[in-house]
Structures are given as C-alpha cells and as structure tokens.
Amino acid sequence: MNFHDLQPMALGVLLAAAAALVLLTDLFTKPSTKPNLGWLTFGLLSAVLVASFTLDLRGEVASHVWRGGAWPVFLARLFLVAGLITVLGGMDHIARKWTYRQGEFYTVLLLCLTGMVLLPGARDLVLLIVCFELMGIPLYILTAFAKTDSGPKPVEAALKLFLIGAGSTALTVFGAALLAGLAGTTDMSVLVSSTLSPLQGIGTMLLLAGLAFKIGVAPFHMWVPDTYEGAPTPVVAFLSVAPKVGGFATLVMVLWQALPRLIHVWGPVTLVLCALTLTVGNLGAIAQRNIKRLLAYSGVGQVGYVLLGLLSGREFGVAMMLFYLAAYVVTNLGVFLVAHAVAEAGDGETISSFDGLGRRSPWLAMSLLLFLLSLAGIPFVAGFWAKFFVFVAAWRAGQSEMVLVGALFATVALFYYLGVARAAYVNVSAKTEKIVVSRALAGAIIACLLAVVGLGAWPSPVVEAAMAAARSVSGIGP
Amino acid sequence: MNPLISAALVALGLPAALALLLAVVPKLRRTGKPAALLSILGSLLALSAAGWLAATWLHDPKQVLDLTTSWLPQSGKSMSQVGVHLDGISVSMLLVVAIVASCVQLFSLGYLSDEPAPALGRYYAYQSLFLFSMNLLVLAPDLMQLFLGWELVGATSYLLIGFWFTRPAAGKAALKAFVVTKFADSGLILALITLVAWTGSFSWNATLPAGGAEWLALFLFIAVMGKSAQFPLHIWLPDAMQGPTPVSALLHAATMVAAGVYLIVRADPIFAAAPHVRLFMTDLGAITALFAALIAMVQTDIKKVLAYSTCSQLGYMISGLGAGSLMGGYFHLTTHAFFKALLFLAAGAVIHAVHSNELSDMGGLWRKLKFTTVAFVIGSLSLAGLPGLSGFYSKDLILEAVHESGNPLALGLLMATAGLTAFYMTRTVVKAFFGKPSHAAEHAHGPGPSMTIPLLILLVPAIGLGWLAGPMSKLYGRSYAFHLDTIGMVTIALGLGGIALGWLIYGMGLLQALPRAFAPIARIANGSTVDDLWALSYSKLGMGLARAIAWFDRYIIDGLMNFLGWLFMWSGQRVRTLQTGNVQDYLYAVFGAAALIALWGGWR
C-alpha cells in the first residue's frame, strides 16, 4: 500500500496532520503569541473544508475497510463546520482562561474531528469502534478542561461523561464482539448470515445501547444535563452537536447498512426509544431554569426527531435525518454561542440572565430569537424544514402516529423556547448596558444566523446533497 | 410579461418593498407622518392594481393566469410553486383586502395622530408588511405559499396586537393569539406533510388516495378553527382587541380571520371530497355562531361586542361552506369584510371621541357624531340582515344552503343567531348613540376628514354589494339570482323582531326583566369559562404531566435505582466507589436499560 491509496480518507489524514502541526507549533510559541493558535486551527480547518470540495474522495481503502464517496464527505463537512464555528466562537474564551493550554485544546479538538471524519466511511467493525473512540476520548478531555475552575461542577461534569461513556463503550464493544464472533468476520457488509441466532439480537441491542449513550437517547441521556451544566460552554456547544452527528452516522452504518435484516429486532426498540426520548426531553425542559440544562433537555428532545428520521429509514428517511442534523448543528451552536456571549458578559447562565436582552443588545436578542424559532420548528427558518421533512419521511414510512406525537411535542416545546424569548423581549432588567461581544464570537454567531436563515429560505441545495449522500450508501436504497 | 400579472406583482411587491424600506431606514421610519403617507400611497397603488384586475375579471370571469417559479426542487421535479395565481377567487379577495387595507391605513392617520412619530412609523411598517403577507396568501398558487403567507400574517398580527407593548395586557393578548393560532397551525403543517407524502406536491388539485381527503380536510380545518376563531379556539380574538381599533378592523374583522375561510374556498376540491368534515363544519359553525352571539349580548365594551359578532359571523361562513355553498361562504366573507370594517372604524371614531371602549361612557353620541352614527347604524343594519343591505343577501345564501343540505339543527341555530344579532346590535346602537349622554360623551369631538373618508368609502359596498351578487357569483364560477322564499322571510321577521325587542328594552326601558335573565350568560362570558378550560387542559395538564413524570422519576425510578444500588453496593462493598453525585444511578439506568433491550433482542 502506498500513500496514494489513502486518498479517499484524505480529510482524516489532513486533520491528523493538522493536529500534529498545532501541537508542534505550540511547543515553539511564546505565551504572548499563543492566541494565534486559534486562528491557526481555524485556518487549517478551513483548508480541510476547501479540500473536501477540491479533492477526489471517492473509492475504497484497503479493500472494503474504508469507503469514501458522498456519504462520508457530507458528514465530514458537517463536522468541519461544527469545528470551525466552535473554534471561532470559543477562541477568545480559550485564550483568556487557558492561555498556556491552548495548544492542547486545539490539538485534542482536531484529533476528535479526525475520528469523526473517519467514522462514516468505516466498513469494518473494528475500525468503526476505533474511530468512535477516537471521537469519544478527546471529548472527555475537552469537558474536563475547566478542571481548575472553582467549584466541583466542571470535574463532576467530566467525570460523569467519562464514567458513563466508559460503561457504554463496554456495551458497544461487547455487542460488536458478539456479532463479529457469530459471523466470523468484522466486515460489516457480511455481518449477518442467513441463519439468525438470538445472540445476534443481543449483540445488536448492546451495540444500540452503547451508541444511544453518545447521542443522548433516553434512558441513556442522564449524563447530558449534568455534563452540559458543568462543562465550559464552547465545549458544550461542540459536544451538543458533533458527537450526535457522529453517533447517528454510526447508527445508520450499523442498523441500515450492516443489520437491515434484523429490523424486526431493532425497529420496535428504536421506535420506543424515540417516543421515550421525545417525551423525556420535551417535558424535562419545561421546568429548567438554567439555560444550559434547558438546552440539554431540548437537545434530548431534538434527538427524538432525528431518530424518527432514522427510523423512517431507507434513502429518503436517512437523507432527511441528515438534513435535520445539518439544521440542528448550525442552530444549536448558535443558541449556545449566544448563551456563551451573555455568560461572558458576567450575567450568569440562568434564563433570567436573558432579561431585557432585546433592549440591551437588539442584534444578539434577534439572533437568539431566530435560533429558538429554528429549534422550535417555526417557519421559515432551518429548523422548520428539518422537522417538516422528517415528518414527511415518517408519514411515508407509515409512522403516522409518531408524526402526531412529534407534532404534539413540537407544540409543547414552543412553551420553553418562547419562555427564553419572552425573557429577552418582555421581561425588564435593571441592567441596561450593551453586552460586549468579541469580534470572533460575533462572527461565529453571524455565521450560524446566516446558515439558519439561508437554510430556511432555500433548503434545496443541502436537501439535494443529503439525498446524494444517502443514495451513495449501498444497502439503504429503497 | 402580461400587464395583468405585472399589476398583481405591484400589489404584492410594493407593500413588501415599503415594509423593507421602513425597516432598514430607521431615519425615514422615525419621521412618522412621511412614512405613513408613503405606506398609504403604496396601499392606494396596490388598490388601483387590484381594482383594474377585478374589473378585467368581472368582464371575463373564466380567465386564469399564472406566473410561478419552482421552489424546493427535489430530485428533478419540484415540490412547490411560488408566484402569483390569478383567477376569479383570488382577484376578488385581492380587491377586498386592498380596499379595507387602504381605508384602515388612511383612518389610522387620524386615529393615531397622538402617537409619537417613531411609533407611527413603526405602525405603518407593520401595516405594509401585513398587506404584503395577506396578498402573498391570497395569490398563492399552492398550499405551501399559502402557508408562508398564513404564518407571516400571524407574525404580523402578533406585532400589531402588541403595538402598545408598554401595556401588559397588550403583550399578553399578543402572546395568547400567537400560541392559540400556533397550536391550530400544527393542523396546517400536518396537512402539508400528508399532502406531500401522498402526492409529492403541495397542489390542492392533486389526486388523493382513498379516504385521504377526509384526513386532509380535517387537518386543514383545525388550522381554520384557530385562524378564523371557531369554538373552542376562538378565545384569542376578544383579547386581541387590545390592539389599536383600526388594526381590529383590518385583521380581526375583514382580512386575517377571513384567511381561514379563504383557505377552505381555495382547497374546495379537497373539502368537496370530505363529506364528514363538511358536516362537522356545518355544525361547529352554527354552534360558534350562536355561542358568540349569546356572549355578544352581554358585553359592555363596544369592541368586544364587535369581536364576538365577528366570531359569530365567521361561524356563519364556516357553516355555509360546510353545507357545500362556496358562493354563500365566500360572498358572506366579502360583504362581512366591508360592513364589519365599517363598524370597527366607526367604533374607532367613537372611541377616539370619548377615550373609552366602555358603552357606559358613551350614550347620546348622535348629537355630536352625526355622520359616525349614520355609518354605525347602517353597518349594524347590514349585519342584522335588513333586506336591501349587503349582509342580508349573503346571510340568506348561507341559510338556504344549510336548509338544502338537510341539517335542521344547524339551520335552527343559525336562524336563532340571526334574531340575536339584530338584538345585540340594536342594544349597542342604542347604548352608544342614543339615550342619556354620559359625561365623556358631552365633551366628544367629531372625527377629522382622514377618518370620515374611509367610512364614506366603506359605506358604499356595505350598502350596495348585495346587488352585485349576480356578477360576483361568476367570479367564483357559480351563478346566482336572488329569490325570496320562506327561509328568507322568516329571517327578515326574526331580524325585525330582534331590532324591535332591542328597542323596547334598551330604547324605551320596557321589559327590564329580560336583561336580568342574561345574567348567567354574562357570568359565563366574563368568567371566561372557555379560557379556564383551556388553561386547565393546556398548561395545568402539561405541567401536571411534567410533575407526574418528575415524581415518577424521583420516587419510583429512584426507588428502583436505590434498590438496585443497595444490591450492587451490598455485593461490592469492599470496592470504594467514586462519590460524584449519583453517577452510579445513571450507570444502573444505562446497564438496566441495556439489559432490558438485550433481553428483547435475544427473545426476538
């Protein structure tokens, strides 16, 4: 094998190289110039994003083990966008709080992105799990980054994620081992032979349970609120979107690609988990007072809708799931970054810290409102089409009851989303001074805003790309 | 490009451009008066475009013109068409909207003359935005664009109701209108989902699977119930009267609430294939008509009388459409738009004169406000269904249709409503304009020309539109010639009886026992029973469920977890565990659930 054979997975290779470059640069940089590491990472990520458009990324690596094409490229772009916005939005915070550890932060983030970008192309169970862990382990480090902060919360947040993550990984690996052991191979395309054994069912379910942890499906969601509350906000912003995309990509690979014949086993369970997730997420969010906890539960609720798209399955459902994830990435990053901006100004992380935002910083409040409307699925911002398309897919797949349940919870969700908007626009606050937002953070918020509004006005290009991506994964055709 | 299409694009684009201009140029907006005049000029130009279109279509009613571009292209074909669709139905609605909007914008200039300049500019920016949204809805070639307009109209109405945002009641009312109609809008979203899932497009002419039309019509009707304030989703409309009165005339009488009725007219092919939903519409419309008329009898706020009367008349329209009379429902929409806008604007002139909405602060106003009195009385008579005035013809059409559909219950309710309508409008007229003048009424001042001219314009259709029913019917692809039969005569008798009874009680002070009998109605009306029921089911039930889940989580799940925890602790007591909150519980949940689904996996 020569280096040229790796071209289909070039994005992963480039990101790993970028991580090494940032780490080396960090070693030879004086503390005063360290803030430039953020811009270096941003530039490198942009370059990789450009490369995803210019390089030929089709073909296979090492016979079937890794396959390129529209599917991994679409997901890679999503991960890269999430990474870019996180770096842009968080770099001032990172530079200020962890001046000497910036290099570590960006290196770990880039390694996490390497795992993510490589994940969707993996066609071998072992490689899949390796990529999944390459995505997961850096996240433990990132959530623990605020360990020096006062109070036990940051440590608690990271430890909870780690402990439950470790347990879930055990489940995943055990499930994968059962499947591979029975099939006698780790090649995902021939994982299920003609004779079905109960052990295959057990293996599938354990694998599903392990993956459900990462995307925060109820009842595997319990770490989510605690971790979101305690971890540093830029990390939470990233954590709330990118690993979910990775988790869902893996689920598509495992369920629709490798185990479609076991749909009678995982189908009903996923349906129940979907309903449970919608219920727990949306009802749990109502009573929250901390914005990050609210967004944690809201994120759990959102996952329910993505699951609905996944369940509706085959090409259209998976494509609509991808579109949902794309809309969710930009919206949720946006709303977390606005919360970050408010918290940075020293106003805390409760919902009442948004009081009077409409008068203090009209642009920030307007962005917040649009992100919230997008999360709530109000026309015509990105989130509306996301919910709409997922519902259409579900209806076509004969899941009309779930569409009704989903629509009902979308109305419930309006309460808590509008509750935050209400604080910003209706409630009055003693504070009147404008909230100062750094240039980079403002740029990140504006990027999210443009994406949310743009996807709302003209969703077609992304829908088309998602359709192409779903089509390129063999085995999930209609 | 066809000049007719260009005219439609002017009616659509000009208000949008003006709204955008006022939004992005704060300097212009804050000047107040010039911004207002610009917006009025825009609405008048839109009106002339609509007038020309309507004249063309009256001449050649069968014409259909389209200018569309595909939106949401998907896999080679397009799901949605956006642009303008011109036919008899859309053109006539365009004219109604343009006339009422122009009158209201002109009237507002006098009504809001005391507002500071920036607020006035903001108001006119909203007005232009509203006109654009409404025209977008009216000219929609398919359900998706109609939905776009529908949502924009809703959002603009939120802004206009909450215009006086410093009043807490206005903010609350705006939020209520938003949440209630949003709840109903899930019906429209469901309709869009099912329509595209079944047919791959948003056209209302697509062939549907068997039984599909009933579901689709039901989903659409849920949305209509919210927007057109049908029982029990009517609760937002009376509260919406917190907005400025001209806003009520435009949104809550003539155009926005009529959007629901317009949707049914547009989606006629779907509703025509849904007999069960139509029957439900007939009954629910009749119930709404009577229920709202009963509440209107005891209102003491002149705008609330008109608000409930609007609910009631919308009930008529829905009932007529349910009975299968597109002509009846749509024609009543048209006549009602004019006479109700006239009534609201006249009420606005009164409120402007006495600085109060309460009927008790009025009385004897005819001496000071002669022209306003004439306008209000003629509007009331048209609403009461006096023969010769426009309201009579459209109401008669609906009653005939309900009669022919063989629904005696709905017919009875609607006939009773006709009598009640005449009664409560007489009560309002007498209390406001005749009788002993109150203190405020003695110091009342007459409206200026910017307020009287719109009244004068609206008087013309409010009186004479009934005579145009023949040519109008051709626009809807129907034919019509007036003939008076039993139903019509009974309605006339009921109307005259209602007026006479109202005069006896409130004009001459006789039969005072009767109003006292209304006390229970007043209790229901003022105690806002329906609101309480909603509050109970909507927030209390929702919160209750949330609490129940929290309780379940805390006691049952935790209890279970504690037991499991005790079990595991007991077995592994020697192992010191990390004490970080209750992460153990989380782990038990993860492993417990995993074990549970693994069991299922093995069993299957």
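## Working through a predicted two-chain model

B:Ala229 sits in the loop that links α8 (212-227) to α9 (236-239) of chain B. Keep in mind that this is a predicted model; the exercises below start from that loop and work outwards.

**Exercise 1. Work out what is unusual about the backbone of B:Ala229, and whether the residue is buried or exposed.**

Step 1: Start with the general expectation. Most residues other than glycine have a negative phi.

Step 2: Check the residue. B:Ala229 is not a glycine, yet its phi is positive, at about 50°.

Step 3: Count neighbours. B:Ala229 has 30 C-beta neighbours inside 10 Å, so it counts as buried; the cut-off for that label is 20 or more.

**Exercise 2. Place B:Glu151 in its helix, decide whether it is buried or exposed, and find how far its C-alpha atom is from that of B:Asp185.**

Step 1: Find the element. B:Glu151 belongs to helix α6 (residues 143-161) of chain B.

Step 2: Apply the same kind of count. B:Glu151 counts as buried because it has 21 C-beta neighbours inside 10 Å.

Step 3: Look along the chain. B:Asp185 is 34 residues away from B:Glu151 in sequence, and their C-alpha atoms are 8.5 Å apart.

**Exercise 3. Explain why helix α11 (residues 258-266) of chain B can be called largely enclosed.**

Step 1: Go through the helix. The buried residues of α11(B) are B:Ala258, B:Ala259, B:Gly260, B:Val261, B:Tyr262, B:Leu263, B:Ile264, B:Val265 and B:Arg266.

Step 2: Draw the conclusion. That is nine of the nine residues of this helix, so the rest of the structure largely encloses it.

**Exercise 4. Describe the largest nonpolar core: which residues touch the most other members, and which helix supplies the largest share?**

Step 1: Pick out the best-connected members. The core holds 427 residues, and those touching the most other members are A:Phe323, B:Leu220, B:Ala341, B:Leu342 and B:Val350.

Step 2: Find the main contributor. Helix α13 (residues 314-347) of chain A provides the largest share of this core, with 22 residues.

Step 3: Bring in the domains. Domain 1 (274-515) and domain 2 (549-603) of chain B each give this core at least three residues.

Step 4: Zoom in on one member. Not counting neighbours within four places in sequence, B:Val350 contacts B:Ile302, B:Met362, B:Leu365, B:Leu369, B:Thr372 and B:Ala432.

**Exercise 5. Characterise the side of chain A that touches chain B.**

Step 1: Get the totals. Chain A puts 46 residues into the contact and chain B puts in 38 residues.

Step 2: Name the contributors. Helices supplying at least two residues each on the chain A side include α6 (153-183), α11 (263-286) and α17 (400-425). The most comes from α7(A), with nine residues.

Step 3: Sort by character. On this side of chain A, 35 residues are nonpolar, seven polar and four charged.

**Exercise 6. Sketch each chain as a whole, and decide whether chain A agrees with a compact globule.**

Step 1: Tally the elements. Chain A has 19 helices and two strands, while chain B has 26 helices and two strands.

Step 2: Look at burial. In chain A, 63% of the 478 residues are buried; in chain B, 55% of the 604 residues are.

Step 3: Test chain A. A compact globule of 478 residues would have a radius of gyration near 23 Å, and chain A has 21 Å, so the two agree. The C-alpha trace of chain A spans about 70 × 55 × 45 Å along its principal axes.

Technical notes
Residues are numbered from 1 along each chain as its sequence is written. Chains are lettered from A and ligands numbered from 1 in the order in which they are written. This is a predicted model: local features need pLDDT of at least 70, side-chain atom pairs count only at pLDDT 80 or more; totals for chains, interfaces and linings use all residues. Two residues are in contact if their C-beta atoms, placed from the backbone, lie within 7 Å. Helices (H or I, at least four residues) and strands (E, at least two) are DSSP runs, numbered from the N terminus. Ala, Val, Leu, Ile, Met, Phe, Trp, Tyr, Cys and Pro count as nonpolar, Asp, Glu, Lys and Arg as charged, and the others, Gly among them, as polar. A residue is buried if 20 or more other C-beta atoms lie within 10 Å of its own, exposed if 12 or fewer, and partly exposed in between; C-beta atoms are placed from the backbone. A nonpolar core is a set of buried Ala, Val, Leu, Ile, Met, Phe, Trp, Tyr and Cys residues joined through C-beta atoms within 7 Å. Domain bounds come from an automatic or database domain assignment. The radius of gyration is taken over C-alpha atoms; the globule rule is 2.2 Å times the number of residues to the power 0.38.
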